[in-house]
Amino acid sequence: MKIKDVTFIASYPKASECPEGVKPEFAFIGRSNVGKSSLINMLTNKKGIAKVSVTPGKTQLINFFEINESWYLVDLPGYGYARASKTKKESFSKIIRSYLTQRSTLYLAFILIDIRHPLQAIDREFIDWCGANSVPFSIVFTKSDKIGRSQVSPNVQTIIKELLKSWNELPPHFVSSAETKEGQKDILDYISSVIDASSIEVNQEVINE
Ligand code: GTP
Ligand code: MG
């Protein structure tokens, strides 16, 4: 898929205030600093459209970006920021959880995991929570440029193997880098295929009626 047009729509403090409508949404979620905003910039080829920071906890609201006037990329606040106050942590987690469970237009959440580290407990808990709440997701490993090429596959396999201890099977996963743009085409093509599959489903329902 080619991205021709990217428009920042607005930032919202909670799910109930997000735009109403029928356009498909693809959200980016993961630990603070994992690279959610950077990945959105990389996918859209727009440096700086989503705000990036070396300090964790930069994204604090639900940010909507409209793509090709037909679907949304959604940048969410991170979870697990150790230095956030307890109240802030709880409010982040409430924002994320209500967004993920209340948006009927959410087609898929990309859960981002830093490829450099072993699976963290908080990521496992979050992925298991998505499963328990029927949130459709896919995993994106970030920052692949920060490790050697020969380390990419072993690191991915270690994390996947760990997750398979509590999952029978997992949705597709992707390896990405905001620096080298690794993963850009695969992730955009996957989004495209998810949108196409759902429009086929809708048409099928119309035919069946
Ligand atoms: P919060 O909004 O605070 O939750 O963080 P975030 O997940 O949106 O992370 P963000 O995109 O702000 O990136 C955090 C830091 O990691 C920044 O310093 C980025 O430049 C860096 N970073 C993100 N992705 C990559 C990547 O693929 N490669 C490298 N080398 N650095 C990256
Ligand atoms: Mg961010």
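Student: In what order do the seven strands of the open sheet stand, and what is the pairing?

Tutor: This is a predicted model, and in it the order across the open sheet is S1-S3-S4-S2-S5-S6-S7, with mixed pairing.

Student: What makes S1 and S7 stand at the edges?

Tutor: Strand S1 (6-12) and S7 each have a single partner strand, so one side of each is left without a neighbour in the sheet. As for the twist, neighbouring strands are turned by 25 degrees against each other on average, direction ignored.

Student: How do you know that S2 and S5 pair?

Tutor: Two strands pair if there are at least two bridges between them. Six bridges join strand S2 (residues 25-30) to S5, so they count as a pair, and the two run parallel. Phe-26, for example, has Leu-108 in S5 as its bridge partner.

Student: Why is the pair of Phe-110 and Phe-174 called edge-to-face?

Tutor: Let's take the two values in turn. Ring centres must lie within 6.5 Å to pair, and planes over 60 degrees apart count as edge-to-face. For Phe-110 and Phe-174 the values are 6.4 Å centre to centre and 65 degrees between the planes, so the name fits. This pair links distant parts of the chain: Phe-110 is in strand S5 (residues 106-114) and Phe-174 in strand S7 (residues 173-175), 64 residues apart. Both Phe-110 and Phe-174 are buried.

Student: Which residues do ring pairs link into a cluster?

Tutor: Phe-28, Phe-110, Phe-174 and Tyr-190 are linked in this way. In the whole structure, the search finds 11 aromatic pairs.

Student: Why is the pair of Phe-126 and Trp-129 called stacked?

Tutor: Planes under 30 degrees apart count as stacked. Here the angle is 25 degrees and the centres are 5.9 Å apart, so Phe-126 and Trp-129 form a stacked pair. Both lie in helix H3 (residues 121-132), three residues apart, about one turn of the helix.

Student: Are Phe-126 and Trp-129 buried or exposed?

Tutor: Buried means under 20% relative accessible area. Phe-126 has 5% relative accessibility, so it counts as buried. Trp-129, at 16%, counts as buried too.

Student: What makes Arg-97 a charge over the ring of Trp-129?

Tutor: The distance cut-off to the ring centre is 6 Å, and the charge must also be within 35 degrees of the ring normal. Arg-97 is at 5.1 Å from the ring centre and lies over the face of Trp-129.

Student: Where does H3 lie?

Tutor: H3 lies across S2, S5 and strand S6 (137-142), and runs at about 165 degrees to S5.

Student: Which residues have the most contacts inside the largest nonpolar core?

Tutor: They are Ile-62, Tyr-99, Leu-100 and Phe-126, in a core of 37 residues. The largest share, five residues, comes from H4. Beyond its neighbours within four places in sequence, Tyr-99 has contacts that include Ile-62, Phe-64, Val-74 and Leu-106. There is also a second, separate core of 25 residues, which includes Leu-43, Leu-112, Val-140 and Ile-195.

Student: Why is helix H1 described as largely enclosed by the rest of the structure?

Tutor: Eight of the nine residues of H1 (residues 36-44) are buried, so that description follows. Among them are Lys-36, Asn-41 and Leu-43. Just after H1, Asn-45 takes a positive phi of about 55 degrees.

Methods: Residues numbered from 1 in each chain as written. Chains lettered and ligands numbered in written order. Predicted model: local features only at pLDDT ≥ 70, side-chain atom pairs only at ≥ 80, totals over all residues. Heavy atoms only, no water. Phe/Tyr/Trp six-rings, centres within 6.5 Å; stacked < 30°, edge-to-face > 60°. Helix = DSSP H or I, 4+ residues; strand = E, 2+ residues; numbered from the N terminus. Buried < 20%, exposed > 50% of the residue type's maximum accessible area, 1.4 Å probe, protein only. Axes fitted to C-alpha atoms, helices over the stretch in contact; angles between N-to-C directions. Contact = heavy atoms within 4.5 Å. Core = buried A, V, L, I, M, F, W, Y, C linked by side-chain atoms within 4.5 Å.
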